[in-house]
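Reader: Hi, can you walk me through this one? I'd like to start with what's inside, then ask about whatever comes up.

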Amino acid sequence: MKATVHLWGLNGKPSIVSPESVALFWLLNDTQNDRNVTIVFSNNTDLSPNQELPLLIDGDKKLYGYANIARHFSAEETALEMALLQFTQDHICVLTQYQLYLNKNNYDSFTRRVFAYLLEWPLWYNTPLKYRALARKRCETLGYFGHDDDPEQVEQPNAELDGLVQSKAFKLTNASKARGEELLKSARYNLQYMSRLNRHVVSWREARARLDKDSTAADFLLWANLFVQMELPDGQLVKEQLQTALGPEDYESIIKRLNDCSKSTSTLELRGPFFAEKGNVVMSAYHALQRLVAA
């Protein structure tokens, strides 16, 4: 009996809203030569015990998350391989979350819109908002949040003051000032992102050099995250940063890997989701009721 792997995706390809889905799709196509796996782009997190994809269903067994599923299909990992995988999840994946959900240009131009193709209404509206809130929590280490006692925080006029001030020129000036401050904050966050991307990728590569293997589960997860970051609207800035951090030779090596993975034809069985596997309103209500009864 074939195992079924549920991923985020569309038209036979994994979606870059989920670097884990991209990484697992690439890993399975590279390693599962017996083709004993079926890929389903269900885009339905309700199927998973932790309400996240990717998800593996193999008989009565359910495994969720890239690391758990990768270990199911891979040979025993060394301590260094496990450490690299954990490092990628803790640091590189967080940077991708920032780019997908907290980088304003990427979120408004791509992430928010692509969910309209992946999900049915009203899920396509609520889901990116939910993931954006989660990304805020995960990206606290980037200094994304301001605090009430932060001297750089600007006090916004309250409703009473706004009602008293009728000057159109004042309102336009205030709005322009707010936009300028938002741009400065965005630039600061992007600089923090670039600095961390530089440091984490260089550290990862230095540790990876100690492994005598062509590819590991950690490699595919790193490649997928870098691929996603470079495919987003602000991806050119990421490419320039990686070129500077890695040098021409290492950068071209990674780009070749990404091209090979992203352009290769899938060797695994692909099928569309059954009705019970789809993320529609009916099934979402059914799964919500099940969770309520089980609680």
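Author: Sure. This is a predicted model. Start with the largest nonpolar core, which has 72 residues. W26, I39, Y66, F115 and L242 touch the most other members.

Reader: Which helix gives the largest share of this core?

Author: Helix 8, residues 217-231. That helix supplies 11 residues of the core.

Reader: And where does the core lie relative to the domains?

Author: Between domain 1 (1-75 + 265-294) and domain 2 (78-263), because both give residues to this core.

Reader: What do nonpolar side chains tend to do in general?

Author: In soluble globular proteins, they tend to be buried together.

Reader: OK, new topic. What is the volume of the largest pocket?

Author: About 470 Å³.

Reader: How many residues line the largest pocket, and which lie nearest its centre?

Author: The lining has 20 residues. Nearest the centre are E20, E52, L53, Q97 and R138.

Reader: How does the lining split by class?

Author: There are 12 nonpolar, 5 polar and 3 charged residues in the lining of the largest pocket.

Reader: Which helices each supply at least two residues of that lining?

Author: Helix 1 (19-31), helix 2 (66-73), helix 3 (79-102) and helix 5 (123-138). Helix 3 gives the most, with 5 residues.

Reader: And which domains does the lining draw on?

Author: Domain 1 and domain 2, with at least three residues from each.

Reader: You mentioned L53. What kind of peptide bond joins L53 and P54?

Author: A cis peptide bond, with omega about 10 degrees. P54 sits in the loop between strand 4 (37-40) and strand 5 (55-58).

Reader: What about N43, where is that?

Author: N43 is also placed in the loop between strand 4 and strand 5. Its phi is near 55 degrees, a positive value in a residue other than glycine.

Reader: Is N43 buried or exposed?

Author: Buried, because its relative accessibility is 6% and the cut-off for buried is under 20%.

Reader: And N11, what is its phi?

Author: N11 has a positive phi of about 55 degrees, although it is not a glycine. You'll find N11 in the loop between strand 2 (9-10) and strand 3 (13-14).

Reader: Buried or exposed, that N11?

Author: Exposed, because its relative accessibility is 73% and exposed means over 50%.

Reader: Switching again. How many disulfides does a search of the whole structure find?

Author: It finds 0 disulfides.

Reader: What about the cysteines C93 and C139, buried or exposed?

Author: C93 is buried, with a relative accessible area of 12%. C139 counts as buried too, at 0% relative accessibility.

Reader: Last topic: contacts between distant parts of the chain. Where does Y98 lie?

Author: Y98 lies in helix 3. At 1% relative accessibility, Y98 counts as buried.

Reader: How far apart are Y98 and Y193?

Author: In sequence, 95 residues. In space, C-alpha to C-alpha, Y98 and Y193 are 8.1 Å apart.

Reader: Got another pair, maybe with L197? Which helix is L197 in?

Author: L197 is in helix 7, residues 168-208. L197 is buried, with a relative accessible area of 0%.

Reader: And how are L197 and I92 separated?

Author: Along the chain, L197 and I92 are 105 residues apart. Their C-alpha atoms are separated by 7.3 Å.

Key
Residues are numbered from 1 along each chain as its sequence is written. This is a predicted model: local features need pLDDT of at least 70, side-chain atom pairs count only at pLDDT 80 or more; totals for chains, interfaces and linings use all residues. Side-chain values use heavy atoms; hydrogens and water are left out. A disulfide is a pair of cysteine sulfur atoms within 2.5 Å. Buried means under 20% relative accessible area, exposed over 50%, partly exposed in between (1.4 Å probe, protein chains only). On a 1 Å grid over the protein atoms alone, a cavity is a set of points where a 1.4 Å probe fits but cannot get out, and a pocket is an open set with protein on both sides within 12 Å along at least five of seven lines; lining residues have an atom within 4 Å of a point. Grid points are joined across faces, edges and corners, and a volume is the space filled by probe spheres set on the points. Helices (H or I, at least four residues) and strands (E, at least two) are DSSP runs, numbered from the N terminus. Ala, Val, Leu, Ile, Met, Phe, Trp, Tyr, Cys and Pro count as nonpolar, Asp, Glu, Lys and Arg as charged, and the others, Gly among them, as polar. Domain bounds come from an automatic or database domain assignment. A nonpolar core is a set of buried Ala, Val, Leu, Ile, Met, Phe, Trp, Tyr and Cys residues joined through side-chain atoms within 4.5 Å.
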